[in-house]
Amino acid sequence: MKRSRIVDAANRKDSNKPVRSNGGRSSGLGRIIIAVYGVLALSATVRAVYQILLDFGAAPLAYLLSALAGAVYIVATLALASKKPGSWRLSWYAVLFELVGVLVVGTLSFVLPALFAHPAVWSHFGSGYGYVPLVLPLIGLWWLARHKMPEVPGA
């Protein structure tokens, strides 16, 4: 027998306390993570656009990788902030892609430094951004694992 939310609320011992929503991803540390992703999205995208418009021939790979990083940060920011069905999964994939990108580009920037004569967001594991691009996806994946949203049936 299915009970209504009104009956459940009436049967609660402390019915004056507001019920916490399932949206813990966008509160507390989650807000900080979303804000940092937003700052990285803005800074990486603006930097990449500036470099591509003014000096693309100098380091096309690095500048295009910075643009890719900016796009990934935009997707991650929007997905982390969203409560829509599928946003948790999109967040997970965006943050995982970021981690793989930082590790691959970071490694290549040391192994093949000629490709990265001009720095990209992820080159040298994000050293130009205080290693935030390396640390943030680790925190993000941990946070997402702790706040996994239940799958919606039929979605």
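These exercises work through the chain and two of its residues in a predicted model.

**Exercise 1.** Describe the secondary structure of the chain and the order of its elements.

Solution. Start with the count: the chain has five helices and zero strands. Then read along the sequence, where the pattern is α-α-α-α-α.

**Exercise 2.** State what share of the chain is buried, and what its exposed surface consists of.

Solution. The chain has 155 residues, and 35% of them are buried. Next take the surface: about 9,600 Å² is exposed, with 69% of that supplied by carbon and sulfur atoms.

**Exercise 3.** Is threonine 77 buried or exposed? Find its helix and its contacts as well.

Solution. First locate the residue: threonine 77 sits in helix H3, which covers residues 60-81. Its relative accessible area is 14%. Buried means under 20%, so threonine 77 counts as buried. Finally, setting aside residues up to four places away in sequence, threonine 77 touches Ile34, Tyr37, Gly38 and Ala41.

**Exercise 4.** Which side chain of opposite charge is nearest to glutamate 98? Decide whether the two can form a salt bridge under the distance cut-off.

Solution. Glutamate 98 belongs to helix H4, residues 87-111. The nearest side chain of opposite charge is arginine 47, 13 Å away. A salt bridge requires a side-chain nitrogen of Lys or Arg within 4 Å of a carboxyl oxygen of Asp or Glu, and glutamate 98 has no salt bridge although it is buried. Apart from neighbours within four places in sequence, glutamate 98 has contacts that include Tyr37, Tyr73, Trp122 and Pro133. Tyr37 is also among the residues that threonine 77 touches.

Note on methods. Residues are numbered from 1 along each chain as its sequence is written. This is a predicted model: local features need pLDDT of at least 70, side-chain atom pairs count only at pLDDT 80 or more; totals for chains, interfaces and linings use all residues. Side-chain values use heavy atoms; hydrogens and water are left out. Helices (H or I, at least four residues) and strands (E, at least two) are DSSP runs, numbered from the N terminus. Buried means under 20% relative accessible area, exposed over 50%, partly exposed in between (1.4 Å probe, protein chains only). Contact means heavy atoms within 4.5 Å. Lys and Arg count as positive and Asp and Glu as negative; His and the chain ends are not counted. Accessible areas come from the Shrake-Rupley method with a 1.4 Å probe; for residues, only the protein chains shown count as cover.
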